[in-house]
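Subject: A structure to look through, with notes

Dear colleague,

I am passing on a structure that I have been reading through, and I would be glad if you kept it open beside this message. My notes come after it, so please look at the structure before you go on.

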Amino acid sequence: MEEGVSMADFFSEIAQHFHIKDPDIRTYSPLTLAYIGDGIYDLVIRSIVVGRGNTKASQLHQHTSHLVKAHSQSQMMEYLLPELTEEEEDYYRRGRNAKSPTMAKNATVGDYRRPTGFEALMGYLYLTGQMQRLLYLVDLGLAGLREEELTHV
């Protein structure tokens with residue numbers, strides 16, 4: 001990536017370099033949006049974890065895994081739902097209601113569907129260049145998780 005390219009332009013840079021046409025997000029299945037959203041959310045969390053300091057890879061993985069697991073994403077949605085716009089809520093709902101052929105290990109159906117909706121929302125925001133909004137929502141969700149963890153100590 002060239003110096004000076006913002007994260008919001010990341011997909012545009014990829015698309016331009018590899019000659020990918022502008023996506024029509026309305027035609028993407030919720031599971032396609034969840035697929036890219038999963039990767040983007042993972043990249044955001046890995047960036048946060050690595051940004052907090054150099055440490056053993058096993059510790060980096062442990063911190064990251066805790067935040068990207070289905071249960072944590074499901075909990076985050078409780079804090080995000082009241083903040084979503086109508087359009088964002090629609091993408092979340094479409095992802096949540098999508099029938100997936102697989103399911104995360106150790107997750108209930110609800111704990112799997114809500115994160116799929118969360119990931120579809122992340123994919124929608126990423127592909128439409130709304131990185132600031134994506135980061136705001138991730139930050140809000142992480143704050144909710146921290147608050148919840150403090151009350152259960």
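What follows is a description of what was found, taken one topic at a time.

Please keep in mind throughout that this is a predicted model.

I will begin with the core. The largest nonpolar core holds 32 residues, and within it Tyr-41, Met-122, Leu-134, Val-138 and Leu-142 touch the most other members. At least two residues of this core come from each of α1 (10-17), α2, α3, α4 (70-80), α5, α6 (109-127) and α7, and the greatest contribution, 8 residues, is that of α6. If you would like one residue to follow by eye, try Tyr-41, which, when residues up to four places away in sequence are not counted, touches Leu-67, Val-68, Gln-73, Met-76, Phe-118, Met-122, Val-138 and Leu-142.

Next come the charged pairs. Side chains of opposite charge can pair when their charged atoms come close. A search of the whole structure gives 4 salt bridges, and I describe some of them here. Arg-133 is joined to Glu-88 by a salt bridge in which the closest N and O atoms are 2.7 Å apart. Because Arg-133 belongs to helix α7 (residues 131-151) and Glu-88 to helix α5 (residues 86-97), this pair ties together parts that are 45 residues apart in sequence. The two partners are placed differently with respect to the surface, since Arg-133 is partly exposed, with a relative accessible area of 21%, whereas Glu-88, at 3%, counts as buried.

A salt bridge within one helix is found between the side chains of Arg-46 and Asp-42, with 2.6 Å from N to O. These residues are 4 apart in helix α2 (residues 30-51), so they are separated by about one helical turn. Arg-46 itself is partly exposed, its relative accessibility being 47%. The side chains of Arg-26 and Asp-24 also meet in a salt bridge, at 3.0 Å from N to O; here Arg-26 is exposed, with a relative accessible area of 65%, while Asp-24 is partly exposed at 31%.

The loop between α1 and α2 deserves a careful look, and two of its residues make a useful pair to compare. Ile-25 lies in this loop and yet counts as buried, with a relative accessibility of 7%. Which residues does Ile-25 contact, leaving aside its neighbours within four places in sequence? They are Leu-33, Tyr-91, Tyr-124, Leu-127 and Thr-128. With Thr-128 the separation along the chain is 103 residues, although the C-alpha atoms of the two are 7.7 Å apart. His-19 is found in the loop between α1 and α2 as well, but His-19 is exposed, with a relative accessible area of 71%. Most residues other than glycine have a negative phi. His-19, however, has a positive phi of about 55° although it is not a glycine.

Finally, there is the second largest pocket, which contains about 260 Å³ of space. Its lining is made of 13 residues, and those nearest the centre of the pocket are Val-49, Arg-52, His-63, His-66 and Leu-67. Both α3 (57-68) and α7 supply at least two residues of the lining, and α3 provides the largest share, with 5 residues. By type, the lining divides into 5 nonpolar, 5 polar and 3 charged residues.

With best wishes

Methods. Residues numbered from 1 in each chain as written. Predicted model: local features only at pLDDT ≥ 70, side-chain atom pairs only at ≥ 80, totals over all residues. Heavy atoms only, no water. Buried < 20%, exposed > 50% of the residue type's maximum accessible area, 1.4 Å probe, protein only. 1 Å grid on protein atoms, 1.4 Å probe; cavity = no way out; pocket = protein on both sides within 12 Å on 5 of 7 lines; lining within 4 Å. Points joined across faces, edges and corners; volume = space filled by probe spheres on them. Nonpolar A, V, L, I, M, F, W, Y, C, P; charged D, E, K, R; others polar. Core = buried A, V, L, I, M, F, W, Y, C linked by side-chain atoms within 4.5 Å. Contact = heavy atoms within 4.5 Å.
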